[in-house]
Amino acid sequence: MKVVIVGAAGDVGKAVCEELGGRHDLIRVGRSSGDIQVDISDRSSIDEMYKRVGPVDAVISAAGDVHFGPLEDHTEETLMLGLKQKVMGQINLVLAGLHAVAEGGSFTLTSGVLDRDPIRLGVGAATANGALGGFVVGSAIEMPRRQRINVVSPGLLDVSVPQYGKWFPGHDPVSSVRVGRAYAKSVEGAITGQVIIVE
């Protein structure tokens, strides 16, 4: 299959590439790296990406920024960062890609653990993650041409502990290998409308 991976250079993206790279033709996409560059907060940039890649069998998104900070310091603008980047960025990858993904193809988005197991400073991420789950469940019943859509919701990856572990006290890191397999389940399997939890 021809598979687009947005956010391929991040920890989740690398786990996905490691899992799928031996079986599929991967197109690695990033904000400033990869085979193609895209700004997922800009719909015109997403449209241009799809023009460049042409028809594909699957799109995986492991991208999207959120603001971390105390609840009392949040504003509409700080929460909108996650809603514009992580939520609408990934949703626009779906909306703009409906014509580009083959019949029976799939979209796999990425949320995360914080809407079900919160941490201090993580309300922006929790809000974005919950919204993505709702979009996937709601859109699955309307996907055209037998297309499927799921979202993977991993805990803190083992490889991410050195950078982010101090923010996740008491959380058991999850294996990057298991996270990669969750994306394989979405892309190569038959499920749709699912929040695939890895913890």
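**Entry 1: helix 2**

I began just past the end of helix 2, where Gly54 follows the helix with a positive phi, near 75°. I note at the outset that this is a predicted model, so everything I write down here is computed from it.

I then went back into helix 2, residues 43-53, and looked up which of its residues are buried; they are Ser45, Ile46, Met49, Tyr50 and Val53. Because these residues cover an arc of only 140° around the axis, they lie on the same side of helix 2. The general rule I keep in mind is that an α-helix has 3.6 residues a turn, so residues three or four places apart point the same way. On the face turned away from the buried side of helix 2 I found the exposed residues Lys51 and Arg52.

I also asked what the buried residues of helix 2 pack against. The list comprises strand 1 (2-6), strand 2, strand 3 (36-37), strand 4 (56-61), helix 3 and strand 5 (101-110).

**Entry 2: helix 1 and the largest pocket**

In helix 1, I recorded Val12, Gly13, Ala15, Val16, Cys17 and Leu20 as buried, and their cover includes strand 1, strand 2, strand 4 and helix 6.

Next I turned to the largest pocket, which holds about 1000 Å³ of space. I counted 40 lining residues, of which Val12, Ala62, Gly64, Lys86 and Tyr164 are the closest to the centre of the pocket. Val12 therefore appears twice in my notes, as a buried residue of helix 1 and as one of the residues closest to the pocket centre. 

By class, I have the lining of the largest pocket as 20 nonpolar, 15 polar and 5 charged residues. The elements that each supply at least two residues of this lining are helix 1 (11-20), strand 2 (25-30), helix 3 (76-97), helix 4 (123-140) and helix 5 (161-164), and helix 1 gives the most, with 3 residues.

**Entry 3: Asn129**

I looked up Asn129, which is found in helix 4, and asked whether it is buried or exposed. At 3% relative accessibility Asn129 counts as buried, because the cut-off for that class is under 20%. Leaving aside the neighbours within four places in sequence, I found Asn129 in contact with Lys86, Ser111, Gly112, Val113, Leu114 and Asp115. Lys86 is also on my list of residues closest to the centre of the largest pocket.

**Entry 4: aromatic rings**

I searched for aromatic pairs and found that the structure holds 2. Phe68 and Trp167 form a tilted pair, with 5.0 Å from centre to centre and 55° between the planes. This pair links distant parts of the chain, since Phe68 sits in the loop between strand 4 and helix 3, while Trp167 sits in the loop between helix 5 and helix 6 (176-188), 99 residues apart.

The other pair is Tyr164 with Trp167, which I noted as edge-to-face, at 6.4 Å centre to centre and 65° between the planes. Through these ring pairs Phe68, Tyr164 and Trp167 are linked into a cluster.

I closed by checking how accessible the three residues are: Phe68 is partly exposed, with a relative accessible area of 28%, Trp167 is partly exposed at 33%, and Tyr164 counts as partly exposed at 35%. Tyr164 also brings me back to the largest pocket, where I had listed it among the residues closest to the centre.

Methods. Residues are numbered from 1 along each chain as its sequence is written. This is a predicted model: local features need pLDDT of at least 70, side-chain atom pairs count only at pLDDT 80 or more; totals for chains, interfaces and linings use all residues. Side-chain values use heavy atoms; hydrogens and water are left out. On a 1 Å grid over the protein atoms alone, a cavity is a set of points where a 1.4 Å probe fits but cannot get out, and a pocket is an open set with protein on both sides within 12 Å along at least five of seven lines; lining residues have an atom within 4 Å of a point. Grid points are joined across faces, edges and corners, and a volume is the space filled by probe spheres set on the points. Helices (H or I, at least four residues) and strands (E, at least two) are DSSP runs, numbered from the N terminus. Ala, Val, Leu, Ile, Met, Phe, Trp, Tyr, Cys and Pro count as nonpolar, Asp, Glu, Lys and Arg as charged, and the others, Gly among them, as polar. Buried means under 20% relative accessible area, exposed over 50%, partly exposed in between (1.4 Å probe, protein chains only). The arc is that of the directions from the helix axis to the C-beta atoms. Contact means heavy atoms within 4.5 Å. Rings of Phe, Tyr and Trp (its six-membered ring) pair if their centres lie within 6.5 Å; planes under 30 degrees apart count as stacked, over 60 as edge-to-face and the rest as tilted.
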